[in-house]
Amino acid sequence: MSKHFNIFKRSKNRSKGPTPQEAIHKLRETEEMLTKKQAFLEQQIEQELAVAKRAGVKNKRVALQALKKKKRLEKQLTQIDGTLSTIEFQREALENSHTNTEVLKNMGMAAQAMKKVHNNMDINSIDDLMADITEQQDVAQEISDAISRPSFGELYDEDELLAELEELENEESIGELPSVPSSELPSSRDHHRRITTKKRAEDDEDMRMLESWGH
């Protein structure tokens with residue numbers, strides 16, 4: 001960067017001239033003036049062409065003079081076109097140079113500012129600082145883990161909890177089996193009563209048969 005600053009210093013020692021902004025402004029004024037001149041010449045050319053058309057064969061001398069003047073005006077117009085192209089190229093080059101100069105100056109200022117900031121920093125101190133930050137982060141994590149850890153009175157055997165959960169699930173599945181209405185299935189007491197009644201009827205029938213045989 002010091003090389004660029006030396007270039008700027010040498011430019012200050014030269015004879016004082018217009019600034020880039022002033023030169024660009026002058027070139028723009030010249031372009032504007034030539035553009036107006038160009039428009040005036042185009043108007044004059046149209047007028048001379050009209051005179052030549054009106055004169056025609058009726059007045060060849062006037063027609064020829066008008067055409068000659070038209071040719072001279074066209075030549076001037078061509079010269080102005082070339083001059084405008086040159087001025088435009090020069091102005092663009094000057095604008096680019098001015099832009100590059102400003103960019104270099106700003107880059108130099110930024111480099112000096114960055115250097116000034118870095119001069120107040122020690123890389124070893126930065127490494128120590130980052131190590132301290134990492135260490136404190138580890139300590140904070142350990143504290144968080146210790147706080148969130150369950151107390152001693154709340155420690156449970158995970159296997160026991162899983163076994164209890166499985167037992168509850170089995171009980172719940174048994175409770176969900178479809179129940180059979182009691183009215184559809186006869187109880188054992190009713191079945192026994194029907195058997196006793198049937199046997200008593202059979203005994204009565206046997207007694208009646210024995211009595212009939214005795215008569």
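In this predicted model, a good place to start is the salt bridge where the side chains of Glu-95 and Arg-91 meet, with 3.3 Å from N to O. Both residues belong to helix H3, and because they are four residues apart, about one helical turn separates them. Arg-91 has a relative accessibility of 10%, so it counts as buried, the cut-off being under 20%.

Arg-91 has another partner to look at. Its side chain also meets that of Glu-31 in a salt bridge, at 2.5 Å from N to O. Here the pair links distant parts of the chain: Glu-31 sits in helix H2 (residues 20–55) and Arg-91 in helix H3 (residues 60–119), 60 residues apart. Like Arg-91, Glu-31 is buried. If you now widen the view a little, you will find that Arg-28, Glu-31, Arg-91 and Glu-95 are linked in a network of salt bridges. Side chains of opposite charge can pair when their charged atoms come close.

Staying with helix H2, follow the chain to Glu-32 and Lys-36, whose side chains meet in a salt bridge of 3.8 Å, N to O. These two residues are four apart within helix H2, about one turn of the helix. Their surroundings can be read from the accessibilities: Glu-32 has a relative accessible area of 47% and is therefore partly exposed, while Lys-36, at 57%, passes the 50% cut-off and so counts as exposed. Across the whole structure, a search finds six salt bridges.

Next, turn to the surface for a group of like charges. Asp-122, Asp-127, Asp-128, Asp-132, Glu-135, Asp-138, Glu-142 and Asp-145 gather there in a patch of negative charge. One of these residues, Asp-145, lies in helix H4, which covers residues 123–148. With a relative accessible area of 37%, Asp-145 falls between the 20% and 50% limits, so it is partly exposed.

Finally, step back to see the chain as a whole. It has six helices and zero strands, giving the pattern α-α-α-α-α-α when read along the sequence. Of its 215 residues, 11% are buried, and Arg-91 and Glu-31 are both buried residues. The accessible surface comes to about 18,900 Å², and carbon and sulfur atoms hold 55% of that area. Among the contacts with a separation of 6 or more, 79% are between residues 24 or more positions apart. The bridge from Glu-31 to Arg-91, with its 60-residue separation, links distant parts of this chain.

Technical notes
Residues are numbered from 1 along each chain as its sequence is written. This is a predicted model: local features need pLDDT of at least 70, side-chain atom pairs count only at pLDDT 80 or more; totals for chains, interfaces and linings use all residues. Side-chain values use heavy atoms; hydrogens and water are left out. Patches are made of residues with over 30% relative accessible area and no salt bridge: like charges are joined within 9 Å, nonpolar side chains (Val, Leu, Ile, Met, Phe, Trp, Tyr) within 5 Å. Accessible areas come from the Shrake-Rupley method with a 1.4 Å probe; for residues, only the protein chains shown count as cover. A salt bridge is a side-chain nitrogen of Lys or Arg within 4 Å of a carboxyl oxygen of Asp or Glu. Lys and Arg count as positive and Asp and Glu as negative; His and the chain ends are not counted. The place of a charge is taken as NZ of Lys, CZ of Arg, CG of Asp or CD of Glu. Buried means under 20% relative accessible area, exposed over 50%, partly exposed in between (1.4 Å probe, protein chains only). Contact means heavy atoms within 4.5 Å.
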